[in-house]
Structure formats: C-alpha cells, structure tokens
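Me: I'm new to reading protein models and would like a close look at one part of this one. Could you walk me through a single helix and what it touches?

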Amino acid sequence: WYQRRVREAVVSTQSTGEPIRDFLPAMEDLIGCSSLSLNAPQIPIGTAVGTVGNRCEVHVLVKGLVDPEKEISRLQQKRATTMEQCSAAKEKIDKHSEKTPDHVIKSDNEKLKSLHAEVETIDAAIVNFQKLSL
C-alpha cells in the first residue's frame, strides 16, 4: 500500500499549458501528491519550488514534511551557485566584441536573463520557508 504524503502541488508555466496538461497525471504520480493544479491563481504558502528550465516551476506543498531551516540552507547554496553562474555569464557578455555573432550575443543575454529569473524564484522560495519557520 502506497501512502501519499504530499497533499498538493502546483505547476506554473509561461506557456498556455497545453503541452504540460498531458503530463499532469504522470507528474502527480512522480511527486506522490493527491492534487496537482496547473497555473493556479495563488501558490500556497509552505511550498518547495523546483524549476524546470526557465519556463516552468513546480511548487510542492511540503509544510510539515521538511525542516524549513535545512531547506533554507539548501536554497542559499543553490542561490550562491546560481549567482556565480550569473557573474560568469555577465563577464562573458562584457567580453563580447564587434566581431561576436549576433546569435551568440542573443544566446548569452537569454542565459543571463534566465539565471536572474532562477535567482528570483529561489529568493521567493527562501521567503516561503522563512514564513514556515515562524
């Protein structure tokens, strides 16, 4: 007998959701949750977030299932790593010259933008876990 521990999860995506909708049952089973929503109007407090590329986030309600302090520490480490990647990407962009092809410039700028978005997501997750710690 398999007992589901996670009650709720939310998938947020920038796309229309149609490609993801077909995978919701499989995602529900992999996460082990009893309810999976797509683009819910509000993300519940007490969720852990995982990014899937820069266009999709999975929020899993973990209140009462994880140690908020450990998750905050893990997220701070991930944030530090992501910030290092941002710095490296910014340095690479700063070294572009007039001879740098447009597609390389565009790709590097998109990568930096994606990394900044990931930092924002991590920051929001840290805030959520800090609320759980209170």
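**A close look at helix 3**

Reply: Let's start with the whole chain, which has 4 helices and 4 strands. Going along the sequence, they come in the order β-α-α-β-β-β-α-α. Keep in mind that this is a predicted model. The average pLDDT for the chain is 81, and 84% of the residues score at least 70. Helix 3, residues 68-94, is where confidence is highest, at a mean of 94, while strand 1 (residues 6-13) has the lowest, at 67. That matters for strand 1, because predicted coordinates should not be read in detail where pLDDT is low.

Now zoom in on Glu71, which sits in helix 3. Is Glu71 buried or exposed? Glu71 counts as buried because its relative accessibility is 16%, and the cut-off for buried is under 20%. If you skip its neighbours within four places in sequence, Glu71 is in contact with Val66 and Phe129. Ala48 is 23 residues away along the chain, yet the C-alpha atoms of Glu71 and Ala48 are 8.4 Å apart.

Glu71 also has a charged partner: its side chain and that of Arg74 meet in a salt bridge, with N to O at 2.8 Å. Why are these two about one helical turn apart? Because Glu71 and Arg74 are 3 residues apart in helix 3. Arg74 is partly exposed, with a relative accessible area of 36%, whereas Glu71 is buried. As a general point, side chains of opposite charge can pair when their charged atoms come close.

Further along helix 3 there's another pair of this kind, Lys90 and Asp94, whose side chains form a salt bridge at 3.0 Å, N to O. They are 4 residues apart in helix 3, so about one helical turn separates them. Lys90 is partly exposed, at 41% relative accessible area.

Arg79 reaches out to another helix. Arg79 makes a salt bridge with Asp123, and their closest N and O atoms are 2.5 Å apart. Since Arg79 is in helix 3 and Asp123 is in helix 4, this pair ties together parts that are 44 residues apart in sequence. Arg79 is partly exposed, with a relative accessible area of 29%, and Asp123 is partly exposed with 29% as well. Searching the whole structure turns up 4 salt bridges.

Next up is Thr82, also in helix 3. With a relative accessibility of 2%, Thr82 counts as buried. What does Thr82 contact, leaving aside neighbours within four places in sequence? The answer is Leu115, Glu118, Val119 and Ile122.

Finally, let's see how helix 3 fits into the inside of the chain. The largest nonpolar core has 21 residues, and those touching the most other members are Val11, Ile20, Leu24, Met27, Leu36, Leu75 and Phe129. Helix 3 is one of the elements giving two or more residues to this core, along with others including helix 2, strand 2 and helix 4. Helix 4 gives the most, with 5 residues. Another core, of 6 residues, lies apart from it and includes Cys86, Leu112, Leu115 and Val119. So Leu115 and Val119 turn up twice: as contacts of Thr82, and as members of that 6-residue core. Over the whole chain of 134 residues, 34% count as buried.

Note on methods: Residues are numbered from 1 along each chain as its sequence is written. This is a predicted model: local features need pLDDT of at least 70, side-chain atom pairs count only at pLDDT 80 or more; totals for chains, interfaces and linings use all residues. Side-chain values use heavy atoms; hydrogens and water are left out. pLDDT is the predictor's confidence in each residue, from 0 to 100. Buried means under 20% relative accessible area, exposed over 50%, partly exposed in between (1.4 Å probe, protein chains only). Contact means heavy atoms within 4.5 Å. A nonpolar core is a set of buried Ala, Val, Leu, Ile, Met, Phe, Trp, Tyr and Cys residues joined through side-chain atoms within 4.5 Å.
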